[in-house]
Amino acid sequence: MRWTQKNFLIGCGFLIVSLIFIFFLIPAQVKTIKNAYDFQPSFFPYFACITMAVLSVILMVSNLIKDRMLLKDLFINIKAGLSKESLKIAGNVAVIFVLFCLYLVLFNKIGFIAATAIILPSMMFIMGWRKPVSLVIITALVIVGLYFFFDKVMLVHLS
Amino acid sequence: MVDSFMRLCEGFTTVITLYNLLWIFIGTFVGVVIGAIPGLTGVMAIALLIPVTYTMEAIPAICMLLGIYCGATYGGSITAILINTPGTAASAATAYDGFELAKKGKAGLALKMALYASFVGGILSAIMLVFISPIIAKFALLFGPGEYFFLILMGLVVVAGVSGKNLCKGLIAASVGLLASTVGMDPMAGVSRFSFGSINLLNGLTSITVLIGLTAMSEVMLQAEKIGRPGQKIELPQQVGSQALPLKKFLSFWKTLLKGSLIGTYIGAIPGIGSSVAGFVSYNEAIRSSKHPETYGTGEIDAIAATESANNAVTGAALIPLLTLGIPGDTVTAILVGAFMLQGLTPGPLLFTNYGDTLYAIFAGLLIVNVVMLITGAMAIKAAPLITAAPGTVMFPVIFIMCCVGSYAVEINSFQIGVALFFGVMGYLFKKMQIPTAPFLIAFILGGSLESNLRRTLTLFKGRLWEVFYSPVVLIFCALIIISLIYVIRSRRKTSGTSEEQPDD
């Protein structure tokens, strides 16, 4: 996919996000108040979102002007972009992201020590570290080191 | 001034004892270590160590705490350069060029420049604290909300300089950053914005957590792409060690160092601004005055000199409003007020009269702190190869765990880990879409202050915003903003012929 097409899609994405904020999220999440001289609390969020929308349109239009054939083969190139290689890359990142989320859940449920003991070696193994003895030693050192430093020295209780 | 010099010399004779120097070393060392760990700040370390000072005398107690302050401000640059994770918000600007230099195998050079520039900034601001603090305090008092607004706007102009080759994408990132800065309580009316019913979001997003997510966690996800792909290796930037920074080469950056130190000193003397703003304003000035502004963000050593001299210059200058007027300049000095009062020293105009000898000994201690920071920083640089020598498949998971714990430590709340993860995903997507993250960070860090000062100005002038332009300080800032924008537009026009992004897939 050409960068002009990617930028066009990026512009579309940010335009949609900004419109969602302008028409749904800001009215729902930010109250209006009576005040004499000050801006409303929603002024800056609207300013940021309208700026985002305008810039997204500029990004889309400028890339359309640069590449007149942009829309013609856009969908073909999107399909071509979903190659085996790119799906594999997305899969790798998804696995790591799942581990991230799992760590957050386990941190809440079973505490720092157990969560780290599960996730850290799993992540190292998935990333390619295949030495089991050093996997265990490194995990133990990280847990002991971080626990001692944060819990006992900095008084940030991790349990 | 001669009198101040004589009193400073007497201060040196008082402070240079083995006992005092030991506590200065402990404070600076602890500060550098704490500052280097993402999620931990000098504020935490000072708050934890204040009880240690109960039984100490004033001079070693205050000097130790100042050592933590200066050390932590510098320490954030170590992880900013090595693993693209600023330890503190003050080093956010250092990460842009520092990590790029590390990727080119010049991490040692970047670390040394950060250390020496921090030393220069700290020493210059300490000297100004000693000799001209009453004058600077008078200028600091000229600042109202209108002046604050334009000063912060000047810091925002750097967005145009760090947007890379696609200005539109950079500005989109900045608008996302501005939007993110509005999460939490409205600064004037106190209504909640984008809290989605969660108490955790009422206080807004903390800059450290966002930094950790946007820089470190997104980098881990980026490295994860290489799993199982032949010819791709997960690794940290290598080759910290042997690049020298000869004195002659260092001194060739004297203009940047001087300007950065002056910017940091002036901004530090203004209550409520902070070292991250100083870093960005100095970075912007370095871009503006450079003959090759397009090199900034790609590994320009001058950028590190600018940001580190400015953010460490804030450390001495933040004491100016504290000691002359009794007004703490930032969170750290607000805690230091407590430390001073514990020792029987009430910050304010009478401090110089009633406790002049003790005060000048503390000033001498601050100068020594910056020298000790050189020693502890050099020790940290020697230890840096231990980090980069470790395999990436081990380091990145460890970095992830440290970042999660660091995020948790910010508010002792696991919600912050979720926030860091969210911004980690956002940072990863930004990198894949070639949207620069620097404008987002700048707008996010400065957005809150920008809004609150604009709205205070409106309230103060009863809606007649044009009256703020009656202030000469505001006019000076407006002129500087216009000059900066002209320079940035000109330099973008010069480089606009080159290709935009990476080659097509």
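A residue counts as buried when its relative accessible area is under 20%. Keep that cut-off in mind as you click through this predicted model.

**Stop 1: a pair inside one helix**

Select Tyr360(B) and Phe363(B), which are both buried. Where do they sit relative to one another? They are three residues apart in helix 18 (residues 356-389) of chain B, so about one helical turn separates them. Now look at the two rings of Tyr360(B) and Phe363(B): the centres are 5.3 Å apart and the planes meet at 75°, which means the pair is edge-to-face.

**Stop 2: a pair between the chains**

Over all chains, the structure holds 25 aromatic pairs. For another of them, select Tyr103(A) and Phe400(B): with ring centres 5.6 Å apart and planes at 65°, this pair is edge-to-face too. Follow the backbone from each ring and you will see that the pair crosses between chains. Tyr103(A) belongs to helix 4 (residues 84-127) of chain A, while Phe400(B) belongs to helix 19 (residues 392-411) of chain B. Both Tyr103(A) and Phe400(B) are buried.

**Stop 3: a cluster of rings**

Next, select Phe14(A) together with Phe422(B), Phe423(B), Phe430(B), Phe440(B) and Phe444(B). These residues form one aromatic cluster.

**Stop 4: charges over rings**

Stay with chain A and show Trp3(A) and Lys6(A). Lys6(A) lies over the face of Trp3(A), 4.5 Å from the ring centre. Then move to Phe125(A), where Arg130(A) lies over the ring face at 4.2 Å from the centre.

**Stop 5: cysteines without a partner**

How many disulfides does the whole structure have? A search over all chains finds zero. To see why for two of the cysteines, recall that a disulfide is a covalent bond between the sulfur atoms of two cysteines. Select Cys70(B): the closest cysteine sulfur is in Cys63(B), 10 Å away, so the distance is too far for a bond. Cys70(B) is buried, with a relative accessible area of 0%.

Now try Cys168(B). Its sulfur is 13 Å from the closest cysteine sulfur, in Cys12(A), and that is also too far for a bond. Is Cys168(B) buried or exposed? Its relative accessibility is 14%, so Cys168(B) counts as buried.

**Stop 6: apart in sequence**

Finish at Ile83(B), in helix 4 (residues 58-83) of chain B. Ile83(B) has a relative accessible area of 14%, so this residue is buried. Add Thr215(B) to your selection and draw a line between the C-alpha atoms: they are 8.6 Å apart in space, although 132 residues apart in sequence.

Conventions. Residues are numbered from 1 along each chain as its sequence is written. Chains are lettered from A and ligands numbered from 1 in the order in which they are written. This is a predicted model: local features need pLDDT of at least 70, side-chain atom pairs count only at pLDDT 80 or more; totals for chains, interfaces and linings use all residues. Side-chain values use heavy atoms; hydrogens and water are left out. A disulfide is a pair of cysteine sulfur atoms within 2.5 Å. Buried means under 20% relative accessible area, exposed over 50%, partly exposed in between (1.4 Å probe, protein chains only). Helices (H or I, at least four residues) and strands (E, at least two) are DSSP runs, numbered from the N terminus. Rings of Phe, Tyr and Trp (its six-membered ring) pair if their centres lie within 6.5 Å; planes under 30 degrees apart count as stacked, over 60 as edge-to-face and the rest as tilted. A charge sits over a ring if NZ of Lys or CZ of Arg is within 6 Å of the ring centre and within 35 degrees of the ring normal.
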